[in-house]
Amino acid sequence: MSTMDIEAKALPAPSSEEAVSRTMQDGFQRVVAQAGVGLVVGGLTGIVLARGGVSGARKVLAGFGAGAGAGSAWTKCSIEIEELLK
């Protein structure tokens, strides 16, 4: 028996409540990170595409990027929670 087998047997399986809690924590961290990345990418896209800067196109593109990032992270978190509860 390898040490991996011994360590795996020594650790108790987490309860479903702990697993869901951990998944939610990871999901919120992912939402913040991906929304930030989306905001930066959307902002940079706005700078390139809306060079005039007079219109609100830069803000719209930055907001769209942040929303897309947060939405994709939340969707992944939701799918992970559904798989845990099956």
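Buried, in this talk, means under 20% relative accessible area. By that cut-off, 20% of the 86 residues of the protein count as buried. One caution before the details: this is a predicted model.

Start with the fold. The protein has three helices and zero strands. Along the sequence, the pattern reads α-α-α. Now the contacts. Take those with a separation of 6 or more: 70% of them join residues 24 or more positions apart.

I'll spend the time on two helices, α2 and α3. Helix α2 covers residues 16-49, and helix α3 covers residues 57-85.

A check on length comes next. Helix α2 has 34 residues, so at 1.5 Å a residue it should span 50 Å. The C-alpha atoms at its ends are 47 Å apart, which agrees. Helix α3 has 29 residues, so the expected span is 42 Å. Its end C-alpha atoms are 42 Å apart, again in agreement.

How do they pack? Two numbers describe a helix pair: the angle between the axes and the distance between the axes. For α2 and α3, the angle is about 160 degrees, and the axes are 6 Å apart. Angles over 145 degrees count as roughly antiparallel, so α2 is roughly antiparallel to α3. The crossing of α2 and α3 is right-handed. What is the contact of α2 with α3 made of? Its residues divide into 19 nonpolar, eleven polar and four charged.

Which residues of α2 are buried? The list is A19, T23, G27, V31, A35, G38, G42, G43 and G46. These buried residues pack against α3. On α3, the buried residues are A62, G65, A66, G69, A73, C77 and I81. The cover over the buried residues of α3 includes α2.

Look at the numbering in those lists with one rule in mind. An α-helix has 3.6 residues a turn, so residues three or four places apart point the same way. On α2, A19, T23, G27, V31 and A35 are among the buried residues. On α3, the buried set includes A62, G65, A66 and G69.

Now some individual positions. First, T23, which sits in helix α2. T23 has 11% relative accessibility, so it counts as buried. Which residues does T23 touch, leaving aside neighbours within four places in sequence? The partners are C77, E80, I81 and L84. Two of these names, C77 and I81, are also on the buried list of α3. T23 and E80 are 57 residues apart along the chain, yet their C-alpha atoms are separated by 7.2 Å.

Next, G27, also placed in helix α2. G27 is buried, because its relative accessible area is 0%. In sequence, G27 and K76 are 49 residues apart. In space, C-alpha to C-alpha, G27 and K76 are 7.7 Å apart.

Cross over to α3 and A62, which is found in that helix. A62 has 12% relative accessibility and therefore counts as buried. Setting aside neighbours within four places in sequence, A62 is in contact with G38, L39, G42 and G43. Of these, G38, G42 and G43 also appear on the buried list of α2. How far is A62 from G42, C-alpha to C-alpha? The separation is 4.0 Å, with the two positions 20 residues apart along the chain.

Last, a contrast. L85 lies in helix α3. Is L85 buried or exposed? At 58% relative accessibility, L85 counts as exposed. L85 and A19 are 66 residues apart along the chain. Their C-alpha atoms are separated by 9.6 Å.

To sum up the pair: α2 and α3 pack at about 160 degrees with axes 6 Å apart, and their crossing is right-handed. The buried residues of α2 pack against α3. What covers the buried residues of α3 includes α2.

Note on methods. Residues numbered from 1 in each chain as written. Predicted model: local features only at pLDDT ≥ 70, side-chain atom pairs only at ≥ 80, totals over all residues. Heavy atoms only, no water. Axes fitted to C-alpha atoms, helices over the stretch in contact; angles between N-to-C directions. Helix = DSSP H or I, 4+ residues; strand = E, 2+ residues; numbered from the N terminus. Parallel < 35°, antiparallel > 145°, perpendicular 65-115°, else oblique. Left-handed = near helix turned anticlockwise from the far one by under 90°. Nonpolar A, V, L, I, M, F, W, Y, C, P; charged D, E, K, R; others polar. Expected span 1.5 Å × (residues − 1). Buried < 20%, exposed > 50% of the residue type's maximum accessible area, 1.4 Å probe, protein only. Contact = heavy atoms within 4.5 Å.
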